[in-house]
Amino acid sequence: MRGRLDWKKGRWNVNTETSLIHRGLRGWQRTTGDSITYFRWQYGDSEIHPVYDEATGSGKRFYGLWQLPALHVDHSETGNTEPRDSGLYIVDSLHVTAEFDQLAKTGLTDINIRHGAYQRDRIAYDNILFSVKHVDIRGQIRRRDIIVSIDAEQIRDDELVNDPQFSPYLRDFSRNPEPQMPEEGGSDDPYA
């Protein structure tokens, strides 16, 4: 007489399987993985323009500075990011594959992913700031999320003008104040 599959119980249940998978993924990440810096948007503390969705006053506020371990990070760099004659420009893109448990440590849950609560979050990688565009669950075991992919696009300098928190990521150095030159008549040079 053959046993039915739904009657069999053993030590390999869903909890055991997912725990072993997460342990294996963390080992893989430590050996060959990468990491990104993740920022979550603070709705309550941010000041944004009601029409243009741009920072005003104290600007957009983000919390965290989580070093998120990633299984793989694919940074597609654009050769020329200068605006074209039509006014359009191309930006770098970022594709991150991560373990769901690691992403959940930033406060992003399955409900947040379903409702798009990540759409104003930011990622820093290679000293470039990216805006999260899409988060997708890529692997599950009985509705338990295992693998997550994150797609993001580079944020240009003109979009960071009123965000003082991210001033270190400005790439256009002409916006930074120039050093003050000594006044004429006096010299700070000891060899002059």
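R26 and E99 form a salt bridge, with the closest N and O atoms 3.5 Å apart. R26 belongs to helix α1 (residues 14–32) and E99 to strand β4 (residues 93–99), so the pair ties together parts that are 73 residues apart in sequence. The model described here is predicted. The two partners differ in their setting. R26 is partly exposed, at a relative accessible area of 29%. E99 is buried, with 3% relative accessibility.

In total, the structure holds 3 salt bridges. Another joins the side chains of D121 and R40, at 2.8 Å from N to O. D121 sits in the loop between α3 (110–115) and β5, whereas R40 is part of strand β1 (residues 34–42), so this pair ties together parts that are 81 residues apart in sequence. Both D121 and R40 are buried. A further salt bridge links D136 with R138, and its closest N and O atoms are 3.5 Å apart. D136 is partly exposed, with a relative accessible area of 25%. R138 counts as exposed, at 55% relative accessibility.

Helix α1, which carries R26, has 19 residues. From first C-alpha to last, α1 reaches 27 Å, close to the 27 Å expected at 1.5 Å a residue. V14, T18, H22, L25 and Q29 are buried in this helix. They cover an arc of only 65° around the axis, which puts them on the same side of α1. The spacing of such a set follows from helix geometry. An α-helix has 3.6 residues a turn, so residues three or four places apart point the same way. The face of α1 turned away from the buried side carries the exposed residues R23, R30 and T31. On the buried side, the residues of α1 pack against several elements. These are β1, β2 (61–70), β4, α2 (100–104), β6 and β7.

Strand β4 is thus one of the elements packed against by the buried residues of α1. Of the 7 residues of β4, 5 are buried, so the strand is largely enclosed by the rest of the structure. β4 pairs with strand β3 (residues 72–76) in the antiparallel sense, over 5 bridges. Within this pairing, V73 stands opposite V96 in β4. β4 also runs antiparallel to β7, and 7 bridges join the two. Here E99 stands opposite I147 in β7. E99 therefore has two kinds of partner, I147 across the strands and R26 in the salt bridge, and R26 lies in helix α1.

The nonpolar interior was examined next. The largest nonpolar core has 23 residues. Y38, I123 and I150 have the most contacts inside it. The elements that give two or more residues to this core are β1, β2, β4, α2, β5, β6 and β7. β6 provides the largest share, 5 residues. A second, separate core has 10 residues, including F39, F166, Y169 and L170. In soluble globular proteins, nonpolar side chains tend to be buried together.

Backbone geometry stands out in one loop. D126 is found between β5 (122–125) and β6 (128–141). D126 has a positive phi of about 55°, although it is not a glycine. N127 lies in the loop between β5 and β6 as well. Its phi is also positive, at about 60°, and N127 is not a glycine either. Most residues other than glycine have a negative phi. The two residues fall on either side of an accessibility cut-off. D126 is partly exposed, with a relative accessible area of 47%. N127 is exposed, at 52%, because exposed means over 50% relative accessible area.

One last position concerns the segment after β7 (144–154), where R156 lies. R156 is buried, with a relative accessible area of 18%, because buried means under 20%. R156 and R171 are 15 residues apart in sequence. In space, R156 and R171 are 8.3 Å apart, C-alpha to C-alpha.

Notes: Residues numbered from 1 in each chain as written. Predicted model: local features only at pLDDT ≥ 70, side-chain atom pairs only at ≥ 80, totals over all residues. Heavy atoms only, no water. Helix = DSSP H or I, 4+ residues; strand = E, 2+ residues; numbered from the N terminus. Buried < 20%, exposed > 50% of the residue type's maximum accessible area, 1.4 Å probe, protein only. Salt bridge = Lys/Arg side-chain N within 4 Å of Asp/Glu carboxyl O. Expected span 1.5 Å × (residues − 1). Arc of directions from axis to C-beta. Contact = heavy atoms within 4.5 Å. Pairing = 2+ DSSP bridges. Core = buried A, V, L, I, M, F, W, Y, C linked by side-chain atoms within 4.5 Å.
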